[in-house]
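Here is a friendly walk through one protein chain. Please keep the sequence and the 3D view open while you read.

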Amino acid sequence: MGKARSTPLLFQSKLVCFSLLYLFTSLFLALYTSLSQTKCLFRSSPFDPIQAPLFSYPSTYGEHKYAIPTHRTSCSSPVYFSEYWMVLKEIQNLCKNSSWSPSVLRYLQGKAETFAGNLSTQARIPYFVHYNESTEIPCGFLKKFPISDSDRTAMENCKGVVVVSAIFNDHDKIRQPRGLGSETLDNVCFFLFIDDVTLKGLDYHRLIPRKSQNFKIGAWRVVKVLSKKLYENPAMNGVIPKYLVHRLFPNSKFSIWIDAKLQLVVDPLLLIHSLVVSDNADMAISKHPYYVHTMEEAMATARWQKWSDVDGLKRQMETYCENGLLPWTPSKLPYPSDVPDSALILRKHGLRSNLFSCLLFNELEAFNPRDQLAFAYVRDLMSPRLKINMFEVEVFEQIVVEYRHNIKREGGDSGSQMGSKAPKTQKTKRASPDLLYVNGSCCSKCQKYLLEMWGEER
């Protein structure tokens, strides 16, 4: 008879066995999370994402420098996304639906010195109520938008979903979207508008050949806009594609505007489906993380010098108060706030969203490009009413990564070191009297607004 095999002494203790199992499991999970892009345990993707980088930048460009940290964990999602292939098919069917015409407004034609015609307040107000289809709405492009014919044709041929961004005055970096589904680039257009100053920066880093007519950087088709025929203020130039997207892309059914300081990290088809289609909304936009009332944003704009002409801010707010702007109260529900974070806007192109965009653009040209100041004024006064999905800040942090703008060095250099001088920043003009007082007496047009906002109205 052979000798019976004895179990090694190491494995005779259950405690030792469990300890070894725990050790190897911990090592495996640590290795998995360190190699995983999401840093999450067993978080599966609802689709087959594109994992390879869409574009390889030179090390000098620094497209991922100065990310703004967030305390939210990326492993738990505050928004539900449906299965990718189901979403893709549903949006394809919506975009092919011939009975749905995204352009249902008639636009005012003509020629003017500015894109919106610089209409007076009394000239703009009648267009807020729109029920007569024959009425022509002023909606920009009373002055020709200076882009090439080939870019214009490409924009008109985008017939489904378009993602739009812009960089003027070399203010930001070009960042590639992440988390795209394997069929997304064939079903979504990506367009980025730039001016001459930004073009010089891209040429300095050898990202595009300056002499070429058609530029493409990763997912983005880059559209050059001639600076000489634009507004003097680069921020105002940015709101042209931001709020006239339905006119620049007349055949698109859905659009996503994303500020160049943001990087999209969720597939745009999933975003449109979850935040617009499923909610049957005309528009989806994030609530502001701190402010609820328009006047709070106006005061912060003046205090932090986000706009140089503080007297102009005062005139704008008094104009809005005089014509019906009220502070937010529960009576405004289902609108949960008067102040959005407008860095990301998702739209279904149709009468209400197009009308809102036209009216808002007119206000921006009349006063300043700080679109959060005109947002509630246009939304509350326009008719028909706009259906907006104002989602929580946690959703915003889940679907984008935010970066700081380019650091401006002395001489107008924005970190590209190419030696081109950007327009000088104007010094802030202080407002003369307080918003609540005029010539020492309490008779400001915003007195009622402020007292109600502060809860002091009797």
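The report below goes from the whole chain to single residues.

**The chain as a whole**

This is a predicted model, in which local features need pLDDT of at least 70 and side-chain atom pairs count only at pLDDT 80 or more, while totals for chains, interfaces and linings use all residues. Residues are numbered from 1 along each chain as its sequence is written, and side-chain values use heavy atoms, with hydrogens and water left out.

The chain holds 14 helices and twelve strands; these are DSSP runs numbered from the N terminus, with H or I and at least four residues for a helix, and E and at least two for a strand. Of its 458 residues, 48% are buried. Buried stands for under 20% relative accessible area, exposed for over 50%, and partly exposed for what falls in between (1.4 Å probe, protein chains only).

The accessible surface comes to about 23700 Å², and carbon and sulfur atoms account for 53% of that. Such areas come from the Shrake-Rupley method with a 1.4 Å probe, and for residues only the protein chains shown count as cover. Among contacts (heavy atoms within 4.5 Å) between residues at least 6 apart in sequence, 84% join residues at least 24 apart.

**Two arginines**

R347 sits in strand β10, residues 340–348, and R379 in helix α12, residues 371–381. R379 counts as buried because its relative accessibility is 0%. R347 is buried too, yet it has no salt bridge, and the nearest side chain of opposite charge, D371, is 7.3 Å away. A salt bridge here needs a side-chain nitrogen of Lys or Arg within 4 Å of a carboxyl oxygen of Asp or Glu; for charge, Lys and Arg count as positive and Asp and Glu as negative, with His and the chain ends not counted.

The table lists polar contacts of the side chains discussed in this report. A polar contact is a pair of N or O atoms within 3.5 Å; within protein, one must be able to donate a hydrogen and the other to accept it, and residues adjacent in sequence count only if both atoms are side-chain atoms.

| Side chain | Partner | Distance |
|---|---|---|
| R347 | K242, backbone oxygen | 2.8 Å |
| R347 | S357, side chain | 3.3 Å |
| R379 | S337, backbone oxygen | 2.7 Å |
| R379 | D338, side chain | 2.5 Å |
| E296 | H293, backbone nitrogen | 2.9 Å |

Leaving aside neighbours within four places in sequence, R347 is in contact with residues including Y243, W257, I272 and M283. On the same basis, the contacts of R379 include K332, Y335, F356 and M390.

**Helices α9, α5 and α1**

E296 belongs to helix α9, residues 294–303, and counts as partly exposed because its relative accessibility is 26%. Which residues does E296 touch, not counting those up to four places away in sequence? They are Y291 and M453. The C-alpha atoms of E296 and M453 are separated by 9.3 Å, with their places 157 residues apart along the chain.

In helix α5 (residues 196–204), V197, T198, L199, G201 and L202 are buried. Their cover includes the strands β3, β4, β5 and β6. Just after α5, R206 takes a positive phi of about 60°.

L23 lies in helix α1, residues 14–35, and is partly exposed because its relative accessibility is 42%.
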